[in-house]
Amino acid sequence: MVFNTGSTLLEAIVMSVVSKEPEGTYGYKITQDVRQIFDVSETTLYPVLRRLRKKKFFETYDKAIDGRNRRYYRITEKGEEKLEEYRNEWIDYSNEVAKVLLKGDSGDGR
């Protein structure tokens, strides 16, 4: 993606990815899912995961897989509420950007 992704947008995308898995998901899988949208390294992603956990938007648990512990992240009710707020803000923001960027249209600009 050409456009810069701020920390809030990255948080919203990570929260959305994790929310799709009711039992939670693990860091490597989250990284792969986020990379489908834009390039992000694990060294960028793990501080985001820690920050979201610290804010109580995620809870974690460990699960043994092939003799190794894997940390899973699951969105909390507080996280779901924040994600809904992010989604609403995104709709408003993207509509405003579209008005300017797409010649006053709120559609695809064609």
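Me: Over how many bridges do strand S2 and strand S3 pair?

Reply: Quick heads-up: this is a predicted model, where local features need pLDDT of at least 70, side-chain atom pairs count only at pLDDT 80 or more, and totals for chains, interfaces and linings use all residues. Residues are numbered from 1 along each chain as its sequence is written, and side-chain values use heavy atoms, with hydrogens and water left out. Strands are DSSP runs of E with at least two residues, numbered from the N terminus, and two of them pair if DSSP finds at least two bridges between them. S2 takes up residues 58-65 and runs antiparallel to S3, with a bridge count of 8.

Me: Which residue in the turn of the S2-S3 hairpin has a positive phi?

Reply: S2 and S3 make a hairpin, and 2 residues sit between them. Look in that turn for a phi of about 50°, and you land on Asp 66.

Me: Which residue of S3 is the bridge partner of Tyr 26?

Reply: Strand S1 (residues 25-26) pairs with S3 (residues 68-75) in the antiparallel sense, over 2 bridges. Over on S2, Tyr 61 stands opposite Tyr 72. The bridge partner of Tyr 26 in S3 is Tyr 72.

Me: Which strands are the edge strands of the sheet?

Reply: Put the pairings together and you get an open, antiparallel sheet of 3 strands, in the order S1-S3-S2. An edge strand here pairs on one side only, and that fits S1 and S2.

Me: What angle does the direction of helix H3 make with that of S2?

Reply: Helices are DSSP runs of H or I with at least four residues, and contact means heavy atoms within 4.5 Å. Helix H1 (residues 7-19) packs on the sheet, touching S1, S2 and S3, and its direction makes about 105° with that of S3. Such angles run from 0 to 180 degrees between N-to-C directions, using lines fitted to C-alpha atoms, for helices over the stretch in contact. Helix H3 (residues 42-54) also packs on the sheet, touching S2 and S3, and its angle with S2 is about 120°.

Me: Which residue forms a salt bridge with Arg 51?

Reply: The structure holds 7 salt bridges, each being a side-chain nitrogen of Lys or Arg within 4 Å of a carboxyl oxygen of Asp or Glu. For Arg 51, the closest N and O atoms are 2.8 Å apart, and the partner is Glu 11.

Me: How many residues apart are Arg 51 and Glu 11?

Reply: Arg 51 belongs to helix H3 and Glu 11 to helix H1. The pair links distant parts of the chain, with a separation in residues of 40.
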